[in-house]
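Open the model in a viewer and keep the selection tool at hand. The stops below are meant to be taken in order.

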Amino acid sequence: MTMASAYSPIDPNHIGHNNLDLDIASDDAPGHGEGGPASKQIIVSYGFWIFLLSDIVMFSAFFAAFQVLAGYSGEAAPSYDLNDVAIETGCLLISSFLCGVAALCASKRWLVRTELFLLLTGILGAIFLALEVREFIGLIANHQGPTDGAYYSGFFALVGCHGLHVTVGLLWLGTMMAQLITKGFRQDILRRLACFSLFWHALDIVWVAIFSLVYLMRFAP
């Protein structure tokens, strides 16, 4: 096939020349043509996913450090109560479910229900945090604090980092509830609510890993 016949069905005068393929490709590229650029909701969610992945990388480093310290240190495992840890886990799992329900209510623009489920999410998160603080105080009183050995340093660093994330999440949640009351379901607030839901669910996943690899491993034969 000659060059003229290749261009003749679309560009009989060969005005486009070698840029024809680039023009066609640019029309089909995402963000161009009839569809337009991606919405701000997609852009914000994509950026927040990158943040969450970086956070997961950080937690992975803490997990690796803890496993190394737990394997080579001579200290005994912290004397925590597994029943309290189970209650903590239940509170966080239920709060994650309620957070999802709140997001569904927000999509329906049900303000009272959204605020109610966000409030319940925050209450359960606060209970989780209070139990964790009580556990830390008990460990420090038993001379199993972060300065009493490498094992305890790794334990407090990993679990404490997760607790710090929960604290930030609760502050974020309270601010967002106030914004919903005063400003309603604006698009920017809905985007923040979607990001908070991703953040809270990610904390739930990290805690399941902590519960399995840190707490339950102590009772493994």
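Start by selecting Asp204, which counts as buried at 11% relative accessibility. The residue is found in helix α7. Bear in mind that this is a predicted model.

**Around Asp204**

With Asp204 still selected, add Leu92, Leu93 and Ser96: Asp204 touches these residues, when residues up to four places away in sequence are not counted. Now draw a C-alpha to C-alpha distance between Asp204 and Leu93. It should read 6.4 Å, although the two are 111 residues apart in sequence.

**The whole chain**

Zoom out and colour by secondary structure. The protein chain has seven helices and zero strands, and along the sequence the pattern reads α-α-α-α-α-α-α. How much of the protein chain counts as buried? Of its 221 residues, 38% do. The accessible surface of the protein chain comes to about 12400 Å², and 70% of that surface belongs to carbon and sulfur atoms. If you compute a contact map, look away from the diagonal: among contacts between residues at least 6 apart in sequence, 78% join residues at least 24 apart.

**Ser95**

Next select Ser95, in helix α4. Is this residue buried or exposed? Ser95 has a relative accessible area of 0%, so it is buried. Show its side chain and look for two partners. One is the backbone oxygen of Leu92, which the side chain of Ser95 reaches at 2.7 Å. The other is the side chain of Trp200, joined to that of Ser95 by a polar contact of 3.0 Å. Then display the residues in contact with Ser95, leaving aside its neighbours within four places in sequence: Thr121, Leu124, Gly125 and Trp200.

**The nonpolar core**

Keep Trp200 on screen and add Phe155, Trp207, Ile210, Val214 and Tyr215. Together with Trp200, these residues touch the most other members of the largest nonpolar core, which has 48 residues. Which helices each supply at least two residues of this core? They are α3 (40–72), α4, α5, α6 (150–183) and α7. The largest share, 15 residues, comes from α7. As background, nonpolar side chains in soluble globular proteins tend to be buried together.

From this group, select Tyr215 and expand to its contacts. Not counting residues up to four places away in sequence, Tyr215 touches Tyr80, Leu82, Val85, Glu135, Phe155, Val159, Trp207 and Ile210. Phe155, Trp207 and Ile210 appear both here and among the core residues with the most contacts to other members.

**Salt bridges**

Switch to charged side chains. Side chains of opposite charge can pair when their charged atoms come close. How many salt bridges does the model contain? The count comes to three.

Begin with Arg134 and Asp84, where the closest N and O atoms of the salt bridge are 2.9 Å apart. Arg134 lies in helix α5 (residues 111–141) and Asp84 in helix α4 (residues 82–107), so this pair ties together parts that are 50 residues apart in sequence. Asp84 counts as partly exposed, at 23% relative accessibility.

Move on to Asp188. It forms a salt bridge with Arg186, with closest N and O atoms 2.7 Å apart. Its side chain also meets that of Arg192 in a salt bridge, at 3.5 Å from N to O. Asp188 and Arg192 both lie in helix α7 (residues 187–215), four residues apart, about one turn of the helix. Through shared partners, salt bridges join Arg186, Asp188 and Arg192 into one network.

Colour the three by accessibility. At 19% relative accessibility, Asp188 counts as buried, since buried means under 20%. Arg186 is partly exposed, with a relative accessible area of 37%, and Arg192 is partly exposed as well, with 32%.

**A nonpolar patch on the surface**

For the last stop, turn on the molecular surface and select Leu116, Leu119, Leu120, Ile123 and Ile127. These residues make a nonpolar surface patch of about 400 Å². Pick out Ile123, which lies in helix α5. With a relative accessible area of 42%, Ile123 is partly exposed.

How values were computed
Residues are numbered from 1 along each chain as its sequence is written. This is a predicted model: local features need pLDDT of at least 70, side-chain atom pairs count only at pLDDT 80 or more; totals for chains, interfaces and linings use all residues. Side-chain values use heavy atoms; hydrogens and water are left out. A salt bridge is a side-chain nitrogen of Lys or Arg within 4 Å of a carboxyl oxygen of Asp or Glu. Buried means under 20% relative accessible area, exposed over 50%, partly exposed in between (1.4 Å probe, protein chains only). Contact means heavy atoms within 4.5 Å. Accessible areas come from the Shrake-Rupley method with a 1.4 Å probe; for residues, only the protein chains shown count as cover. A polar contact is a pair of N or O atoms within 3.5 Å; within protein, one must be able to donate a hydrogen and the other to accept it, and residues adjacent in sequence count only if both atoms are side-chain atoms. A nonpolar core is a set of buried Ala, Val, Leu, Ile, Met, Phe, Trp, Tyr and Cys residues joined through side-chain atoms within 4.5 Å. Patches are made of residues with over 30% relative accessible area and no salt bridge: like charges are joined within 9 Å, nonpolar side chains (Val, Leu, Ile, Met, Phe, Trp, Tyr) within 5 Å.
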